[in-house]
Amino acid sequence: MDGKVPKAIITDQNRAIKNAIAIVFPDSRHRFCLWHILKNVSEKLGSHSAYNTGLKSQLLKCVYDSQTIEEFESCWDVLITTYNLHENAWLQSLYIEHRYWAPVFLKDFFWAGMSTTQQSESVNSFFDGFVHARTNLKEFVDQFDNALRKKIENENEADFHSLNVIIPCISVMPFEKRFQELYTNSKFREVQQEIIGIINCFPVLQQNDGVIATYLVEDEVRVDYFIKEVTYFNEAECEAKCSCGLFEMRGILCRHILAIFKISRVRSLPEKYILDRWRKDIKRRYTLIRSGYDVADQRPEARRYSRLLNICYDVITNAASCDEYTEDMVEKLYAMNDVYRTNKPPHRTGSNVGVTTVDTTITGSSKKMQLGVDGTQLESMDETQPECLL
């Protein structure tokens with residue numbers, strides 16, 4: 001990883017791994033897989049007489065419905081006291097490490113929508129329909145190729161769909177149109193779910209201190225039940241922050257903020273609310289790598305990329321022989337890149353193949369690039385750290 005550490009790590013609940021991460025990645029945000037924790041609830045608490053008559057629902061309410069740390073602490077105390085669970089060792093151990101798994105303690109950090117190690121997207125589901133318990137080694141090699149080819153075909157199909165199929169807007173709000181133009185279809189559908197949710201949101205101005213306005217948003221999520229969200233809105237900078245933490249955690253603006261934008265007549269969203277990782281018009285660097293499983297030979301940008309890469313390997317090998325050559329090459333490369341970036345070729349929409357995160361996979365990279373049709377870099381965005389490690 002060239003010395004770069006992950007910003008976020010999701011692992012199973014394992015004390016040895018936890019201690020190791022604290023030593024090796026002290027600045028990374030570590031969380032436990034919530035799926036692994038909650039799947040043990042029935043085993044650890046199922047024998048309790050009130051398990052199906054309130055205990056389980058109270059525990060899940062504490063985990064998922066707590067909007068503030070104070071609410072979580074209060075709800076947890078009610079759970080322990082009501083069902084006399086003071087001596088339950090499993091719950092005691094969970095509470096000691098609650099900052100590693102309780103969502104309310106983690107929503108100030110970006111997780112790209114992930115809260116688990118994503119069992120459904122693991123290597124097991126990758127081979128579904130291709131291998132089984134009696135598959136021999138030779139068949140496995142052949143089926144692995146078939147599984148990988150199918151995955152690439154699915155990604156290319158989703159890429160084509162995002163570039164050529166337009167999902168209709170469900171409102172006349174300008175920011176929905178903006179997301180429609182820029183985001184992949186799958187991510188735009190997530191945005192639309194939040195836009196639909198505006199119907200059930202009822203913002204009330206609670207406080208106004210100059211340019212900072214505080215709204216209490218009642219979100220009717222089920223019959224006779226409201227979740228109250230606090231949203232802070234800076235009118236001067238068109239900046240909003242909600243207590244639900246959806247944008248911080250998943251990179252999608254929540255219905256509560258969108259409701260505030262609607263009543264505040266916000267017509268144009270700041271660029272910070274449009275994430276490059278969800279965009280369909282940015283060429284991902286890895287899509288230029290030739291593969292035996294796709295039609296890379298028919299893609300001119302892939303051929304050009306491969307040709308330039310082979311030449312660069314030779315140049316780098318020779319230039320690395322001494323500091324003088326290295327510095328000379330670096331200076332010339334920067335100069336060349338400035339020329340290509342300044343004299344951009346006519347823009348064409350590039351392909352964008354989705355990434356599926358699986359166990360022990362590092363997502364994110366040290367740099368994102370936008371490339372022209374000839375493989376040259378149009379613009380780059382340095383990132384000091386990879387996004388997330390599972």
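V141 is partly exposed in this predicted model, with a relative accessibility of 45%. The residue sits in helix α8, which spans residues 137-164. On the surface, V141 joins L137, F140 and F144 in a nonpolar patch, and together these side chains offer about 370 Å² of accessible area.

The cysteines make a pleasant contrast to look at next. The structure contains zero disulfides. C75, for one, takes part in no disulfide, and its nearest cysteine sulfur, in C62, lies 3.7 Å away. Because a disulfide requires two cysteine sulfur atoms within 2.5 Å, the pair C75 and C62, at 3.7 Å, does not qualify. C75 is also buried, as its relative accessible area is 12%. A second case is found at C254, whose sulfur is 3.6 Å from the closest cysteine sulfur, that of C244, and therefore too far for a bond. C254 counts as buried too, with a relative accessibility of 2%.

How far the model can be read is a question of confidence. The protein has a mean pLDDT of 80, and 82% of its residues reach 70 or more. Among its elements, helix α1 (residues 15-24) has the highest mean pLDDT, at 94, while strand β7 (residues 362-363) has the lowest, at 34. Over residues 347-386, pLDDT stays under 50. The model nevertheless has 116 contacts beyond four places in sequence for this stretch. Where pLDDT is low, predicted coordinates should not be read in detail.

Notes. Residues numbered from 1 in each chain as written. Heavy atoms only, no water. Buried < 20%, exposed > 50% of the residue type's maximum accessible area, 1.4 Å probe, protein only. pLDDT = per-residue confidence, 0-100. Helix = DSSP H or I, 4+ residues; strand = E, 2+ residues; numbered from the N terminus. Contact = heavy atoms within 4.5 Å. Patch = residues over 30% accessible without salt bridge, like charges linked within 9 Å, V, L, I, M, F, W, Y side chains within 5 Å. Areas by Shrake-Rupley, 256 points an atom, 1.4 Å probe, with all protein chains shown as cover. Salt bridge = Lys/Arg side-chain N within 4 Å of Asp/Glu carboxyl O.
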